[in-house]
Protein chains: 2
Amino acid sequence: MEQIKHAIQDEYGDDYAWCYGCGRNNDKGLHFRTGWLGNKTITVFTPREEHMAIPGYVYGGIIASLIDCHGTGSAALALHRKNGYEPGDGKEPPRFVTASLSVDFVKPTRSGEALKAIGTVEEIHPKRWRVKTDVFCGKEVCAKGTVEAVVMPDTFMKRKKD
Amino acid sequence: MEQIKHAIQDEYGDDYAWCYGCGRNNDKGLHFRTGWLGNKTITVFTPREEHMAIPGYVYGGIIASLIDCHGTGSAALALHRKNGYEPGDGKEPPRFVTASLSVDFVKPTRSGEALKAIGTVEEIHPKRWRVKTDVFCGKEVCAKGTVEAVVMPDTFMKRKKD
């Protein structure tokens with residue numbers, strides 16, 4: 001199993017680290033962590049027992065969530081690298097939000113195993129990136145997804161600070 | 001607030017009612033419930049406090065999950081009606097799984113409010129249905145989604161009974 005030493009989510013600013021999917025500060029969250037794997041990106045996640053569609057198979061909404069946060073995390077990794085930084089440098093990375101998400105559920109996903117999301121990142125615009133992701137269960141691709149992620153608008157934080 | 005008296009998920013067979021999104025038997029699940037609203041379908045859900053992207057806004061993976069189960073539930077409602085039944089009749093409905101899911105996040109979704117997913121169902125094939133969904137926060141559409149749902153293959157249950 002690949003180990004992700006430096007995940008981008010480890011270095012989001014504290015105000016940006018509450019996401020249910022990938023925020024380290026969210027005690028009840030899923031704690032997805034995304035790092036580089038060569039020039040691809042990787043997130044590894046083992047669904048909890050309750051994350052089932054029916055017994056024995058993983059719920060699609062959890063796979064969609066994995067693809068979602070893997071997408072925003074991968075975009076952040078890529079823009080951070082473009083800016084000259086890597087996770088582990090101690091420099092706060094950019095924070096993305098999801099503009100669109102699509103998932104094809106290629107085959108039923110067995111539960112009880114670690115899933116690996118492997119992503120390919122492409123710049124559409126300096127503030128908009130596309131991430132194509134394959135989700136593996138063992139050696140099989142069980143889902144394929146695409147996320148378009150945009151740099152988080154300032155208006156998000158304005159509301160928080162109201 | 002619309003009340004959903006007879007939800008399709010109330011009548012799934014017990015073996016099919018474990019979904020993390022919409023299974024009534026999953027103690028830790030989200031318990032989405034989907035019913036008719038005229039010739040549209042509706043699911044109402046108030047995200048939990050932890051279901052945030054950042055404080056003040058709902059996590060996209062939860063919205064994707066809502067659209068996912070709203071899609072399979074709506075397809076089940078529609079095929080059940082085509083077969084001559086309505087939820088509340090006590091007849092076990094068909095059970096769908098998601099083939100594909102897409103979501104456009106139209107605007108940030110405020111937390112602390114009930115979300116309404118409103119769906120339009122279209123038959124593509126007797127075993128494959130498309131559900132287009134608008135997710136409302138108050139009067140605003142905050143996300144738009146499409147699900148293609150297929151009747152659950154027998155192979156799902158075969159594994160469970162291994």
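Buried here means under 20% relative accessible area, exposed means over 50%, and partly exposed lies in between (1.4 Å probe, protein chains only). By that yardstick Gly145(B) is buried, because its relative accessibility is 5%.

Some ground rules before going on. This is a predicted model, in which local features need pLDDT of at least 70 and side-chain atom pairs count only at pLDDT 80 or more, while totals for chains, interfaces and linings use all residues. Residues are numbered from 1 along each chain as its sequence is written, chains are lettered from A and ligands numbered from 1 in the order in which they are written, and side-chain values use heavy atoms, with hydrogens and water left out.

**Gly145(B) and its strand**

Gly145(B) sits in strand 6 (residues 140–151) of chain B; helices (H or I, at least four residues) and strands (E, at least two) are DSSP runs, numbered from the N terminus. Its C-alpha lies 5.1 Å from that of Thr133(B), with twelve residues separating the two in sequence. Contact means heavy atoms within 4.5 Å. Not counting residues up to four places away in sequence, Gly145(B) touches Ile67(B), Ser102(B), Val103(B), Val131(B), Lys132(B) and Thr133(B).

**The strand pairings**

Two strands pair if DSSP finds at least two bridges between them. Here are four such pairings, with one bridge from each.

| Strands | Sense | Bridges | Example partners |
|---|---|---|---|
| Strand 1 (residues 34–37) and strand 2 (residues 40–45) of chain A | antiparallel | four | Trp36(A) and Thr41(A) |
| Strand 2 and strand 4 (residues 115–125) of chain A | antiparallel | five | Thr43(A) and Ala117(A) |
| Strand 2 (residues 40–45) and strand 4 (residues 115–125) of chain B | antiparallel | five | Thr41(B) and Gly119(B) |
| Strand 4 and strand 5 (residues 128–137) of chain B | antiparallel | ten | Val121(B) and Val131(B) |

Two of these pairings are hairpins. In chain A, strand 1 and strand 2 have two residues between them, and Gly38(A) in that turn has a positive phi of about 65 degrees. In chain B, strand 4 and strand 5 likewise form a hairpin with two residues between them.

**Helix 1 and the loop ahead of it**

How many of the 23 residues of helix 1 of chain A are buried? The count is 21, so the helix is largely enclosed by the rest of the structure. Helix 1 (residues 60–82) of chain A reaches 33 Å from its first C-alpha to its last, close to the 33 Å expected at 1.5 Å a residue. That expected span is 1.5 Å times one less than the number of residues in the helix. Just after the helix, Gly84(A) takes a positive phi of about 100 degrees.

On the way in, Val58(A) belongs to the loop between strand 2 and helix 1 of chain A. Val58(A) counts as buried because its relative accessibility is 7%. Leaving out residues up to four places away in sequence, its contacts include Pro47(A), His51(A), Ile63(A) and Arg110(A). Val58(A) and Ala114(A) are 56 residues apart in sequence, and 11 Å separates them in space, C-alpha to C-alpha.

**A pair of histidines with positive phi**

Most residues other than glycine have a negative phi, and most peptide bonds are trans. His31(A) has a positive phi near 60 degrees, and His31(B) has a positive phi of about 60 degrees although it is not a glycine. His31(A) is in the segment before strand 1 of chain A, while His31(B) is in the segment before strand 1 (34–37) of chain B. Are they buried or exposed? His31(A) is partly exposed, with a relative accessible area of 37%, and His31(B) also counts as partly exposed, at 38%.

**The core and the interface**

A nonpolar core is a set of buried Ala, Val, Leu, Ile, Met, Phe, Trp, Tyr and Cys residues joined through side-chain atoms within 4.5 Å. Which members of the largest core touch the most other members? Val135(A) and Val135(B) do, out of 72 residues. Beyond its neighbours within four places in sequence, Val135(B) is in contact with residues including Ile63(B), Leu66(B), Leu115(B) and Cys142(B).

Between the chains, 43 residues of chain B are in contact with 43 residues of chain A. The buried area (accessible area, 1.4 Å probe, that two parts lose on being put together, summed over both) is about 3300 Å², and carbon and sulfur atoms give 63% of it. The rule finds zero salt bridges across this interface, where a salt bridge is a side-chain nitrogen of Lys or Arg within 4 Å of a carboxyl oxygen of Asp or Glu.
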